[in-house]
Amino acid sequence: MDAIRILGGVPLTGEIVIGGAKNAALPLMACTLLTDKPLTLINMPELVDISTMSNLLRQHGARIDQSALAPGAGGEAGATGRSMTMTSERITSITAPYDLVRRMRASVLVLGPLLARMGEAKVSLPGGCAIGTRPVDLHLKALEALGAKIDVKGGYIHATAPGGLKGANVVFPKVTVGGTENLLMAASLAKGDTVLENAAREPEIGNLAECLNAMGAKISGIGSGTLKITGVPLLHGARVAVIPDRIETGTYAIAGAITRGDVVLKGTRFDLLESVFSAMRQAGVTVEPVEGGVRVAAENGLVGVDVMTEPFPGFPTDMQAQWMALMATANGASMITETIFENRFMHVPELTRFGADVNVHGASAIIRGRKALSGAPVMATDLRASSSLILAGLAAEGETLVNRIYHLDRGYERLEEKLGACGARIERIGGG
Ligand code: UD1
């Protein structure tokens, strides 16, 4: 199994190109199941999760062609990435099997589209996950409100709607990104109007709604917590750009800050991550929009800043572990409160191996900053936790070995290359 070896303590300087957002690309890919016409996505990241989704869509009958794009052709300034054209002329299977769904929870995003187009879908339950129980009950309740009949049996969700789905008023009791996405896709092909209240407002939802509209859907209220969808009988093909990855942006912004370096993140947008940038500024980091991206620079003397994770536009849970690494190097104490997922402090025991001083009390963690972290062998537990260990390793004195890095490859494209180009001493090594 591969590991990443880092010799820390080098301030990063230079440019890092940010790719297309994994969490936007996955639901956009699921949209192919809604139409028999070609759907082309540009600025696609190259990640293990994208290959997993491609495999799932292929076994539903999608044909997928990929090609490289010249730099700058991705739609956003400086963006690179591939284009992917998917055509699902015929759905050959309505079943999303356990073996594929268990690899990636976002596989459940095929449920809404398959049900809307075919009147039936069988999707394996995603099951538990390292960062909490993460149920899909809200997806199912909302689809039931649209007239679906749902049976959960033998580990599979079996959803049927023989007469088609019908528009309805749906109020989510809790903000759910995946639930909002499944419903947006399903309601686009339902009969009549659907109103989704307390919908997620993440930028990835906006990207999905714009894509559906480009395919002929009628969605209004984009960017707000109330989405109105007027169902249409058929959707057609479209060509859509994936938005920049705000979590990759934030992770490299913290890489610049934690090493007290000066980096320019290209092909991304300041407005995608204002909550994190504002906390970074409070901590003493320079963060400024520049042409085609964002510049991040820091010197010693950062101060602790408290954050609480919240749905967008609040501080993202997917940046919580990285923020903790930064706070471990700031002066004074700070508190992080996690309100989205239970059990999302699994990086804490690993961060303490660098000498970080962190105490967890229920959903909150108190971090007391240290003058210096020291390199250590550590183990990655989940995707974003893994990136916090890389960040701590970049800041720490001496050698760090991050084991079990397959989590990182799910969400970060060419991480060693991007950091290495800014001066980081980082390499991937094969090992136990
Ligand atoms: C998405 C992101 C993930 C991010 C999360 C929160 C993708 C592929 N993944 O995950 O990176 O961390 O949003 O920003 O986009 N919940 C229920 N019942 C449900 C659905 C959710 O109780 O049916 C709960 C979850 O357990 C969690 C909260 O609602 O506590 C938010 O989850 P949700 O927004 O649905 O996250 P995902 O869409 O799975």
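A polar contact here is a pair of N or O atoms within 3.5 Å. Keep that cut-off handy for the first exercise. Everything below is about a predicted model.

**Exercise 1. Find which protein groups make polar contacts with the ligand's oxygen atoms, and work out how far the ligand is covered.**

Step 1. Start with Arg105: an N or O atom of the Arg105 side chain sits 3.2 Å from a ligand oxygen. That is within the 3.5 Å cut-off, so the pair counts as a polar contact.

Step 2. Try Asn23 next. Its side chain places an N or O atom 3.1 Å from an oxygen atom of the ligand.

Step 3. Don't forget the backbone. A polar backbone atom of Ile340 lies 2.5 Å from a ligand oxygen.

Step 4. Now the area. On its own the ligand exposes 740 Å², and the protein buries 86% of that.

**Exercise 2. Describe the shell around the ligand: how many residues, of what kind, and from which elements?**

Step 1. Count first: 19 residues surround the ligand. The closest are Asp137, Leu138, Thr176, Asp318 and Ile340. Ile340 also turned up above, through its backbone contact with a ligand oxygen.

Step 2. Sort the shell by type. You get 8 nonpolar, 5 polar and 6 charged residues.

Step 3. Ask which element gives the most to the shell. That's helix 5, with 3 residues.

**Exercise 3. Lay out the open sheet that holds strand 7, and register its strands.**

Step 1. Write down the order: 6-7-9-8, four strands with mixed pairing. At the edges are strand 6 (95-96) and strand 8 (149-153), each pairing on one side only.

Step 2. Take strand 7 (residues 120-124) against strand 9 (residues 156-160). They run antiparallel and are joined by 5 bridges. For the register, Glu120 has Thr160 as its bridge partner, and Lys122 stands opposite His158.

Step 3. Look at the other side of strand 7. Strand 6 pairs with it in the parallel sense over 2 bridges, and Thr95 stands opposite Lys122. So Lys122 faces a residue in each neighbouring strand: His158 in strand 9 and Thr95 in strand 6.

Step 4. Add the helix. Helix 4 (residues 111-118) lies across strand 7 and strand 9, at about 160° to strand 7.

**Exercise 4. Do the same for the open sheet that holds strand 4, and find the helix packed on it.**

Step 1. The order is 4-5-3-14, again four strands with mixed pairing. Strand 4 (63-68) and strand 14 (238-241) are the edges.

Step 2. Check the twist: ignoring direction, neighbouring strands are turned by 15° against each other on average.

Step 3. Register strand 4 with strand 5 (residues 82-87). The two are antiparallel, with 6 bridges between them, and Ala68 is opposite Arg82.

Step 4. Helix 1 (residues 22-30) packs on this sheet, touching strand 3 (39-44), strand 5 and strand 14. The helix direction makes about 170° with that of strand 3.

**Exercise 5. Hunt for backbone oddities in two loops.**

Step 1. Recall the norm: most residues other than glycine have a negative phi, and most peptide bonds are trans.

Step 2. Check the bond from Phe312 to Pro313. It is cis, with omega near 10°. Pro313 belongs to the loop between strand 18 (307-308) and helix 10 (320-327).

Step 3. Check phi at Asn198. The value is positive, about 60°, although Asn198 is not a glycine. This residue sits in the loop between strand 11 (193-197) and helix 7 (203-214).

Terms used:
Residues numbered from 1 in each chain as written. Predicted model: local features only at pLDDT ≥ 70, side-chain atom pairs only at ≥ 80, totals over all residues. Heavy atoms only, no water. Near = heavy atom within 4 Å. Polar contact = N/O pair within 3.5 Å; in protein donor to acceptor, adjacent residues only side chain to side chain. Areas by Shrake-Rupley, 256 points an atom, 1.4 Å probe, with all protein chains shown as cover. Nonpolar A, V, L, I, M, F, W, Y, C, P; charged D, E, K, R; others polar. Pairing = 2+ DSSP bridges. Contact = heavy atoms within 4.5 Å. Axes fitted to C-alpha atoms, helices over the stretch in contact; angles between N-to-C directions.
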